[in-house]
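Here is a quick walk through one model, from the inside outwards. Have the sequence and the 3D view open as you read.

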Amino acid sequence: QVQLVESGGGLVQAGGSLRLSCAASGRTLRTYVVGWFRQAPGKEREFVAYINWSDESPYYADSVKGRFTISRDNAKNTAYLQMNSLKPADTAVYYCARSSISYGSTSQYTYNYWGQGTQVTVSS
């Protein structure tokens with residue numbers, strides 16, 4: 001069993017920054033792809049970014065490319081999402097997840113462990 005706990009959300013003005021953390025317990029994140037997703041009110045959950053285990057190569061949704069950076073610290077069993085130049089459209093609950101497959105995917109259905117989410121609100 002894996003438990004994922006997100007932290008670092010909050011209220012920020014447009015143009016500001018936040019750093020989300022995803023701490024894992026129970027089992028390691030080390031050999032798995034870790035992804036971040038978000039869900040805004042009234043909308044479906046959408047992919048934000050993932051990071052591969054093997055070469056730590058990242059992949060981003062077009063909407064966040066150039067503004068968000070995903071990283072991981074395998075020694076700490078923690079993944080991060082650095083969010084810069086935030087926009088009101090980034091307002092959502094952000095979730096981290098661990099993939100059930102060995103390669104990166106933008107589909108939420110390939111992730112089998114999820115955190116409880118952390119709220120990010122960007123004011124204009």
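## The nonpolar core

Let's start in the middle of this predicted model. Its largest nonpolar core has 34 residues, and those with the most contacts inside it are Trp36, Val48, Phe68, Leu81, Met83 and Tyr94. Plenty of strands chip in: β3 (18-25), β4 (34-39), β5 (46-51), β7 (68-73), β8 (78-83), β9 (92-99), β10 (111-114) and β11 (118-123) each give at least two residues to this core. Which strand supplies the largest share? That's β5, with five residues. As background, nonpolar side chains in soluble globular proteins tend to be buried together.

Tyr94 is a good place to park the view. Leaving aside residues up to four places away in sequence, Tyr94 touches Glu6, Leu20, Trp36, Phe37, Arg38, Val48, Phe68, Leu81, Met83, Gly117, Thr118 and Val120. Among these contacts are Trp36, Val48, Phe68, Leu81 and Met83, which are also listed with Tyr94 as the residues with the most contacts inside the core.

## Trp36 up close

Trp36 sits in strand β4. Is this residue buried or exposed? Its relative accessibility is 0%, so Trp36 counts as buried.

There's a polar side to Trp36 too: a polar atom of its side chain lies 3.5 Å from the backbone oxygen of Tyr80. For a sense of distance, take Trp36 and Gln82: they are 46 residues apart in sequence, and their C-alpha atoms are 11 Å apart in space.

## The disulfide

How many disulfides does the structure hold? Just one, and it joins Cys22 to Cys96, with an S to S distance of 2.0 Å. The link of Cys22 and Cys96 is right-handed, with 65 degrees about the S-S bond. Cys22 belongs to strand β3 and Cys96 to strand β9, so the pair ties together parts that are 74 residues apart in sequence.

Neither cysteine shows up at the surface by the numbers. Cys22 has a relative accessible area of 0% and is buried; Cys96, at 0% relative accessibility, counts as buried as well.

## Strand β3 and its neighbours

β3 has partners to show. Five bridges join strand β1 (residues 3-7) to β3, and these two run antiparallel. Six bridges join β3 to β8, again antiparallel. If you want residues to click on, Ser7 has Ser21 in β3 as its bridge partner, while Arg19 stands opposite Gln82 in β8.

Ser21, in strand β3, deserves a closer look. Its relative accessibility is 18%, and the cut-off for buried is under 20%, so Ser21 counts as buried at that 18%. Not counting residues up to four places away in sequence, Ser21 touches Val5, Glu6, Ser7, Trp36, Thr78, Ala79 and Tyr80. Trp36 is thus among the contacts of Ser21 as well as those of Tyr94.

## Salt bridges

Side chains of opposite charge can pair when their charged atoms come close, and the structure holds four salt bridges. In one of them, the side chains of Arg38 and Asp90 meet at 2.9 Å, N to O. Arg38 is in strand β4 and Asp90 in the loop between β8 and β9, so this pair ties together parts that are 52 residues apart in sequence. Are these two charged residues buried or exposed? Arg38 counts as buried at 5% relative accessibility, and Asp90 is buried too, with a relative accessible area of 2%.

Asp90 also forms a salt bridge with Arg67, where the closest N and O atoms are 2.7 Å apart. Here again distant parts of the chain are linked: Arg67 is in the loop between β6 (58-60) and β7, Asp90 in the loop between β8 and β9, and the two are 23 residues apart. Both Arg67 and Asp90 are buried. Through salt bridges that share partners, Arg38, Glu46, Arg67 and Asp90 join into one network. Elsewhere, Lys65 and Asp62 meet through their side chains in a salt bridge of 3.1 Å, N to O; Asp62 counts as exposed, at 66% relative accessibility.

How values were computed:
Residues numbered from 1 in each chain as written. Predicted model: local features only at pLDDT ≥ 70, side-chain atom pairs only at ≥ 80, totals over all residues. Heavy atoms only, no water. Core = buried A, V, L, I, M, F, W, Y, C linked by side-chain atoms within 4.5 Å. Buried < 20%, exposed > 50% of the residue type's maximum accessible area, 1.4 Å probe, protein only. Helix = DSSP H or I, 4+ residues; strand = E, 2+ residues; numbered from the N terminus. Contact = heavy atoms within 4.5 Å. Disulfide = S-S within 2.5 Å. Polar contact = N/O pair within 3.5 Å; in protein donor to acceptor, adjacent residues only side chain to side chain. Pairing = 2+ DSSP bridges.
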